[in-house]
Amino acid sequence: MDFENLYQQYSPKIFRLCHGYFNDVDKAKDMTQETFITVFENLGSLKNTSNIPGWIFRIATNKCLRQIENEKRNQTVTDYNFTKIEASETVNEDEKLVRLRTCIKELSEIDRLIIGLYLEDVAQEKIGEIMGINHSNVRVRIHRIKEVLSKKMKNHE
């Protein structure tokens with residue numbers, strides 16, 4: 001698969017994943033760009049092409065986590081208010097979708113990543129590979145995350 005096709009197919013998904021981490025459109029765009037720079041630089045040397053989507057998601061996840069660590073270390077980020085949703089982003093969104101996004105942003109980083117990948121239709125086995133946990137653990141965590149989100153959605157009504 002060539003880079004252009006990979007970018008066209010996966011950049012919207014990677015952007016949504018990054019946006020889930022930062023709740024900042026510009027930062028999510030930057031992290032998406034950084035992810036695809038790494039993909040471009042390393043695509044030619046990739047030996048196992050059977051799991052390119054998992055590889056791309058892992059790159060994005062690692063970049064986001066490293067960025068968060070760097071920001072915490074440098075204390076440049078003082079506001080991690082994940083419930084804040086900008087009006088410009090919600091103009092065209094359904095009210096329930098806005099509530100769901102708000103509830104997801106209240107989850108822990110790992111749970112946000114798992115449910116984000118799950119919502120992007122990444123197979124549970126692949127989520128396990130990306131996260132470094134086994135498939136049955138992923139299945140259990142997704143079930144628990146769904147329960148938490150269901151309760152949160154009812155409380156936000």
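These legends go with a set of close-up views of a predicted model.

The model is a prediction, so local features need pLDDT of at least 70 and side-chain atom pairs count only at pLDDT 80 or more, while totals for chains, interfaces and linings use all residues. Residues are numbered from 1 along each chain as its sequence is written, and side-chain values use heavy atoms, with hydrogens and water left out.

**View 1. The whole chain, an all-helix run.** From the N terminus on, the elements read α-α-α-α-α-α-α-α. That comes to 8 helices and 0 strands; helices (H or I, at least four residues) and strands (E, at least two) are DSSP runs, numbered from the N terminus. Of the 157 residues in the protein, 37% are buried. Here buried means under 20% relative accessible area and exposed means over 50%, with partly exposed in between (1.4 Å probe, protein chains only). Among contacts (heavy atoms within 4.5 Å) with a separation of 6 or more, 62% are between residues 24 or more positions apart.

**View 2. An aromatic cluster with Phe3, Tyr7, Phe36 and Phe40.** The whole structure holds 4 aromatic pairs. Phe3 and Phe36 make an edge-to-face pair, because their ring centres sit 6.3 Å apart and their planes meet at 75°. To count as a pair, rings of Phe, Tyr and Trp (its six-membered ring) need centres within 6.5 Å; planes under 30 degrees apart are stacked, over 60 edge-to-face, and the rest tilted. This pair links distant parts of the chain, with Phe3 in helix H1 and Phe36 in helix H2 (residues 25-42), 33 residues apart. Phe3 is partly exposed at 22% relative accessible area, whereas Phe36 is buried at 3%. Tyr7 and Phe36 also pair edge-to-face, with ring centres 5.0 Å apart and planes at 75°. Here too distant parts of the chain are linked: Tyr7 belongs to H1 and Phe36 to H2, 29 residues apart. Tyr7 is partly exposed, at 33% relative accessibility. Ring pairs join Phe3, Tyr7, Phe36 and Phe40 into a cluster.

**View 3. Ser11, a buried serine on H1.** Ser11 is found in helix H1. Its relative accessible area is 12%, so Ser11 is buried. Setting aside neighbours within four places in sequence, Ser11 is in contact with Leu6, Thr32 and Phe36. Phe36 turns up here again, after its pairing with Tyr7.

**View 4. Helix H6 and what covers its buried residues.** H6 spans residues 109-119, and its buried residues are Asp111, Arg112, Leu113, Ile114, Ile115 and Leu117. The cover over them includes helix H1 (3-22), helix H3 (52-74), helix H5 (95-105), helix H7 (124-131) and helix H8 (135-155).

**View 5. H1 against H6.** Two packed helices are described by the angle between their axes and the distance between the axes. For H1 and H6, that angle is about 155° and the axes are 10 Å apart. The axes are lines fitted to C-alpha atoms, for helices over the stretch in contact, and angles run from 0 to 180 degrees between N-to-C directions. H1 and H6 are therefore roughly antiparallel to each other; angles under 35 degrees count as roughly parallel, over 145 as roughly antiparallel, 65 to 115 as roughly perpendicular and the rest as oblique. The crossing of H1 and H6 is right-handed, meaning the near helix is turned clockwise from the far one by less than a right angle (anticlockwise would be left-handed). Leu17, Gly20 and Tyr21 of H1 meet Arg112, Leu113 and Leu117 of H6. By class, this contact has 4 nonpolar, 1 polar and 1 charged residues. Ala, Val, Leu, Ile, Met, Phe, Trp, Tyr, Cys and Pro count as nonpolar, Asp, Glu, Lys and Arg as charged, and the others, Gly among them, as polar.

**View 6. H6 against H8.** H6 and H8 pack at about 100°, with their axes 10 Å apart. That makes H6 roughly perpendicular to H8. On the H6 side, the contact is made by Ile110, Asp111, Ile114, Ile115 and Tyr118; on the H8 side, by Arg141, Ile142, Ile145, Lys146 and Leu149. The residues here divide into 7 nonpolar, no polar and 3 charged.

**View 7. Just past the end of H6.** Glu120 sits in the loop between H6 and H7. With 12% relative accessibility, Glu120 counts as buried. Not counting residues up to four places away in sequence, Glu120 touches Lys13, Arg16 and Phe57. Asp121, just after H6, takes a positive phi of about 65°.
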